Amino acid sequence: MIVPHTTDTTVPTRTVRKAVVPAAGLGTRFLPATKATPKEMLPVVDKPAIQYVVEEAAAAGLDDVLMVTGRHKRAIEDHFDNAFELEQALAAKGDAMRLDAVRDPARLASIHHIRQGEPLGLGHAVLCARRHVGDQPFAVLLGDDLIDPRETLLSTMLDVRDRYAGSVVALMEVPREQIHLYGCAAVAPTEEKGLLRVTGLVEKPSPENAPSAYAVIGRYVLDADVFDVLDRTPPGRGGEIQLTDALQHLATDGTVHGVVFDGLRYDTGDKADYLRTVVRLACDREDLGPEFIDWLKGFVAEWESGEGVGRRRPAA
């Protein structure tokens with residue numbers, strides 16, 4: 001299914017209003033940068049990665065966001081709070097553009113925080129949201145997965161939940177040799193193009209044992225029944241409570257659907273893809289793109305000719 005690009009800013013009324021953003025990971029793949037800085041706060045051009053995720057939730061009509069954080073993640077809480085001294089200084093300078101940029105994160109949604117006391121896996125992080133979510137369906141957005149702002153994946157998933165109830169996962173077809181990096185779904189067709197019924201899930205299978213090439217990517221719309229299942233789900237792969245294992249249980253009842261996505265997605269948890277994300281989004285910016293693209297063309301030309309290898313930057 002190609003989730004279409006859209007410029008429609010109308011936000012429909014949803015039965016799902018709450019989003020959960022797990023953000024308690026240690027970010028070991030980005031050490032030493034993440035020794036003191038949460039990986040979710042690494043900048044993607046001029047906004048931290050996690051802000052793109054919250055903006056996506058808000059654009060889909062989810063106005064209540066719970067962030068599940070851990071120790072040393074205070075910077076996330078501060079980013080989505082008001083910064084009185086900074087705002088006052090910018091206001092005094094008459095710098096309206098930067099003042100709006102500073103205020104925007106706190107205005108995106110009603111944002112709450114809870115700490116995951118132990119790193120016991122994604123399933124445990126979702127379970128930490130139980131009291132806040134209650135018995136209502138909710139979305140889960142992983143902070144490492146950025147969906148291009150022009151895509152409507154989450155809105156499509158919410159529409160599916162409104163029509164079919166149960167839970168909905170986002171699926172992306174990947175090369176077989178990469179399926180071991182993801183949760184993988186066994187699927188059956190439905191009468192609706194791009195919508196599959198999920199009949200089973202397995203966490204990070206080997207290519208030869210994978211039931212399909214459909215990987216579960218970091219967007220979920222979950223029924224509150226998942227909490228009871230997670231509560232009795234034993235630790236699985238890596239000694240962690242896996243959300244995939246809980247969804248496997250729900251899938252046996254035929255209540256899990258998968259929306260197939262083949263749009264623009266960025267994995268900012270991977271160093272190379274993080275760099276590609278920064279370049280791609282910078283090129284898309286009206287204020288940065290034209291000049292940056294010109295520089296990039298020149299840089300690539302120099303690199304391919306060998307002139308850019310080992311060259312020092314001229315002194316200013």
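In the predicted model, Phe 299 is located in helix α11, which spans residues 289–305. With a relative accessibility of 36%, Phe 299 is classed as partly exposed, because it falls between the limits of 20% for buried and 50% for exposed residues. Together with Trp 295, Val 300 and Trp 303, Phe 299 makes up a nonpolar surface patch whose combined accessible area is about 430 Å².

The largest nonpolar core of the model comprises 48 residues, and the members touching the most others are Ile 50, Leu 62, Val 65, Met 67, Leu 153, Leu 154 and Val 221. The greatest contribution to this core comes from helix α1 (residues 49–59), which supplies 6 residues. Beyond its neighbours within four places in sequence, Leu 62 contacts Val 16, Arg 17, Lys 18, Ala 19, Ala 57, Ala 109, Ala 139, Leu 154 and Leu 158. Another core, of 35 residues, lies apart from the largest one and includes Val 126, Cys 128, Phe 138 and Phe 227.

Strand pairing was examined for β9, β10 and β12. Strands β9 (residues 183–189) and β10 (residues 195–203) are paired in the antiparallel sense through 7 bridges, with Ala 186 having Gly 200 of β10 as its bridge partner. The two strands, β9 and β10, constitute a hairpin in which 5 residues separate them. Within the turn, Gly 194 adopts a positive phi of about 80 degrees. Strand β10 also pairs with β12 (residues 256–260), again in the antiparallel sense, over 3 bridges; here Leu 196 is positioned opposite Gly 258 of β12.

How values were computed:
Residues are numbered from 1 along each chain as its sequence is written. This is a predicted model: local features need pLDDT of at least 70, side-chain atom pairs count only at pLDDT 80 or more; totals for chains, interfaces and linings use all residues. Side-chain values use heavy atoms; hydrogens and water are left out. A nonpolar core is a set of buried Ala, Val, Leu, Ile, Met, Phe, Trp, Tyr and Cys residues joined through side-chain atoms within 4.5 Å. Buried means under 20% relative accessible area, exposed over 50%, partly exposed in between (1.4 Å probe, protein chains only). Helices (H or I, at least four residues) and strands (E, at least two) are DSSP runs, numbered from the N terminus. Contact means heavy atoms within 4.5 Å. Patches are made of residues with over 30% relative accessible area and no salt bridge: like charges are joined within 9 Å, nonpolar side chains (Val, Leu, Ile, Met, Phe, Trp, Tyr) within 5 Å. Accessible areas come from the Shrake-Rupley method with a 1.4 Å probe; for residues, only the protein chains shown count as cover. A salt bridge is a side-chain nitrogen of Lys or Arg within 4 Å of a carboxyl oxygen of Asp or Glu. Two strands pair if DSSP finds at least two bridges between them.
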